[in-house]
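Biologist: Could you take one sheet in this model and go through it closely, strand by strand? After that, I would be glad to hear how other parts look when read with the same care.

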Amino acid sequence: MATGAVDILVIGIGNEQRGDDAAGLLVARRLRDRGLPGVAVVEAQCDATLLIDLWAGAEKVYLVDAVVSGAPPGSLFRLDGLRQDSEETHGYRSSHGLGVKAAIELARALDRLPQHLVIYGIEGAGFAVGAAISPEAQGGVAAAVAAIVADLGGEGKRNHA
Amino acid sequence: MANDLRGKTIRVATLARVEGEGALYIKTKGGEVVDVRLNIFEPPRFFEALLRGRDFREAPDITARICGICPIAYQMSAVHALEDALGVRVGGALRDLRRLIYCGEWMESHALHVVMLHAPDFLGYADGIQMATHYPEAVKRGLQIKKIGNEIMTLVGGREIHPVNVKVGGFYRVPTRPELDPLAVRLRWARDEALAQVRWCAGFRFPDFDEDYEIVSLRHADEYPFNEGRVVSSKGLDISAAEYDDHFVEEHVARSNALHSVLKGRGIYLVGALARYNLNFDRLSPLAQEAARSAGLGTVVRNPFKSVIVRAVEILYACDEALRLIEGYAAPENPAVEVTPRAAEGSACTEAPRGLLYHRYRLADDGAILDAKIVPPTSQNQKIMESDLRSFVAGHLDWPNKDLQWSCEQVIRNHDPCISCATHHIRLDLSEVES
């Protein structure tokens, strides 16, 4: 699953079986469909400790995940992943083993953080096993895709639907 | 001491460093432990229901979703139970591949637990991240071993999470020897590092805690058990997986969703690495046995805190076994054995990293699943964890609450409970001590 040396890496992390926890994966999927040049995209349904290997060699990393903070479902957050106290702003719970926040702190302790790390968090409404993603979180997915594309300068093919 | 007579209530809303979320409640009064409730595990009822009506061939893919950390264990128990029902035996290279993929999962699961979840307890750190600052090489080593375990799972299983390559009868595709050889190079590195990791764990300081549990695991004629064997215990049990329901029963626990397993007429029992080790030491590879001895372990380990060393030994064994399997491997002509559906019932136990995992299926003529029963290892260990908590607290009632609470969490972590099947996040507040 390692991607090697890339300029820009987008990682959507989540669990497709657990309702809004699929949000990060769906963002990654849509970005991959756009085929943005110079951008590698990975869907990660794995323990967050594997992120450390995934982003090795990548200069700029966008991480997309569902979050639970009490904000209205579908809300989109953009966080500087390298900031040490970013968890104080938003409670960060994970359903996938060792959480994303823990993985980032672990990477920091091991000096394995990328140069740039941006986290897009989509507020989830429900995470029940077997549930489908909620309409609110789907809205958040669309917003995240648009925000990342804007971040990357709007490059790449447009979908001709 | 003066505070013996006060009642204490310890309520932990979210347990640190176990997979998922959990809740622990302990009440003491008049110097005795009066109630211990560990509500950390949701049985996979959703998946048992989901399986009903589905074609038996879908079972590996559906059950793999039960646990993000142990998808292979669920797939292995599923395929073996279904093959038991349909009269199919998978041998030779396909059997070896199944052992190989299980080696990968043991490495991945145990390495995460030993390094990130358990070792911090012994070295006095709040979590693995704090520990990583002072033990970066040990943590990197553990993560790298974990990664190589994941690579085995990807190569043989298809994807790291929810592997898609496993099927009833074998695999959709088998790897070639040239595909496995680079993995062998990495496994040789992992084996050396795993040996160093055993030594590292052996150096920890361990509280005295001696428990004479009834322990249960598979036992096989000549292998350290993964997928096959009889279900045996340290107190005389010796049955086939088909007889599991005659001897083990799940009791519903009041005030929770939990189902706790007991041995009929006998009571609580322990599954997992400690159980496997104690019942199968003689089946470990010579390298693993030697490492265990050098680490100061006997052939039987009764201190659950020392399970950290035992898991490290099992990681070493898994590396060793994986290499043995690859060195003997030649890709079979067919990736799977033919399977014909029929009305039948079948069951199997395999050894998930956390212990015995039981599956039973009843099939219709056309292969549709009529019903399924799944008993995960952590649900079998709940009563042992409560028993340990009871013993531990009773022996340390004079400790300040904060220290006692932290030690209780350690006692639970000794058994590596996997509670990633929890369907909700628990959000209670920590209670205070009542007097």
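Modeller: Happy to! A good place to start is B:Ala344, which stands opposite B:Leu363 in S13(B). Please keep in mind that this is a predicted model. The strand that faces S13(B) here is S12(B), and the two pair in the antiparallel sense over nine bridges. Strand S13 covers residues 355-363 of chain B.

Stepping back from that pair, we find an open sheet of three strands in chain B, in the order S12-S13-S14, with antiparallel pairing. The edges of this sheet are strand S12 (344-352) and strand S14 (369-375) of chain B, each of which pairs on one side only. From one strand to the next, the twist averages 15°. If you are following side chains, remember that in a regular strand they alternate between the two faces of the sheet.

What lies across these strands? Helix H3 of chain B, residues 71-86, lies across S12, S13 and S14 of chain B. Its direction makes an angle of about 150° with S12(B).

As for the chain that holds this sheet, chain B has 13 helices and 15 strands. Of its 435 residues, 61% are buried. Among contacts in chain B with a separation of 6 or more, 72% are between residues 24 or more positions apart.

Helix H4 of chain B, residues 92-123, carries B:Asp121, and B:Arg99 lies in helix H4 of chain B as well. Are these two charged residues buried or exposed? B:Arg99 counts as buried because its relative accessibility is 3%, under the 20% cut-off. B:Asp121 also counts as buried, because its value is 8%.

Once its neighbours within four places in sequence are set aside, B:Arg99 is in contact with B:Glu223, B:Tyr224, B:Pro225, B:Phe226, B:Asn227, B:Tyr317, B:Glu321 and B:Leu325. For B:Asp121, there is a distance to look at: B:Phe204 is 83 residues away in sequence, with 9.6 Å between the two C-alpha atoms.

Next, the enclosed space. There are eight cavities of 30 Å³ or more, and the largest cavity holds about 100 Å³. Its lining consists of 14 residues, and B:Val271, B:Gly272, B:Ala273, B:Arg311 and B:His415 lie nearest the centre. By type, the lining has six nonpolar, five polar and three charged residues. Helix H9 (273-280) and helix H11 (307-327) of chain B each contribute at least two residues to the lining of this cavity.

Chain A offers another sheet to read in the same way. This one is an open sheet of five strands in the order S2-S1-S3-S5-S4, with mixed pairing. S2 and strand S4 (76-80) of chain A stand at its edges with a single partner strand each, so each has one side without a neighbour in the sheet. The twist averages 20° from one strand to the next.

Strand S1 of chain A, residues 6-13, is mostly covered, with seven of its eight residues buried. S1(A) runs parallel to strand S3 (residues 58-67) of chain A, with six bridges between them, and A:Ile8 stands opposite A:Lys60 in S3(A). S1(A) also runs parallel to strand S2 (residues 39-44) of chain A, again with six bridges. In S2(A), A:Glu43 is the bridge partner of A:Gly12, while A:Ala44 is that of A:Ile13.

A helix lies across this sheet as well: helix H5 of chain A, residues 135-151, lies across S1, S3, S4 and strand S5 (116-123) of chain A, at about 155° to S5(A). Chain A comes to five helices and five strands, which run β-α-β-α-β-β-α-α-β-α from the N terminus on. Of its 161 residues, 57% count as buried. Among contacts in chain A between residues at least 6 apart in sequence, 80% join residues at least 24 apart.

Conventions. Residues are numbered from 1 along each chain as its sequence is written. Chains are lettered from A and ligands numbered from 1 in the order in which they are written. This is a predicted model: local features need pLDDT of at least 70, side-chain atom pairs count only at pLDDT 80 or more; totals for chains, interfaces and linings use all residues. Side-chain values use heavy atoms; hydrogens and water are left out. Two strands pair if DSSP finds at least two bridges between them. Helices (H or I, at least four residues) and strands (E, at least two) are DSSP runs, numbered from the N terminus. Axes are lines fitted to C-alpha atoms, for helices over the stretch in contact, and angles run from 0 to 180 degrees between N-to-C directions. Contact means heavy atoms within 4.5 Å. On a 1 Å grid over the protein atoms alone, a cavity is a set of points where a 1.4 Å probe fits but cannot get out, and a pocket is an open set with protein on both sides within 12 Å along at least five of seven lines; lining residues have an atom within 4 Å of a point. Grid points are joined across faces, edges and corners, and a volume is the space filled by probe spheres set on the points. Ala, Val, Leu, Ile, Met, Phe, Trp, Tyr, Cys and Pro count as nonpolar, Asp, Glu, Lys and Arg as charged, and the others, Gly among them, as polar. Buried means under 20% relative accessible area, exposed over 50%, partly exposed in between (1.4 Å probe, protein chains only).
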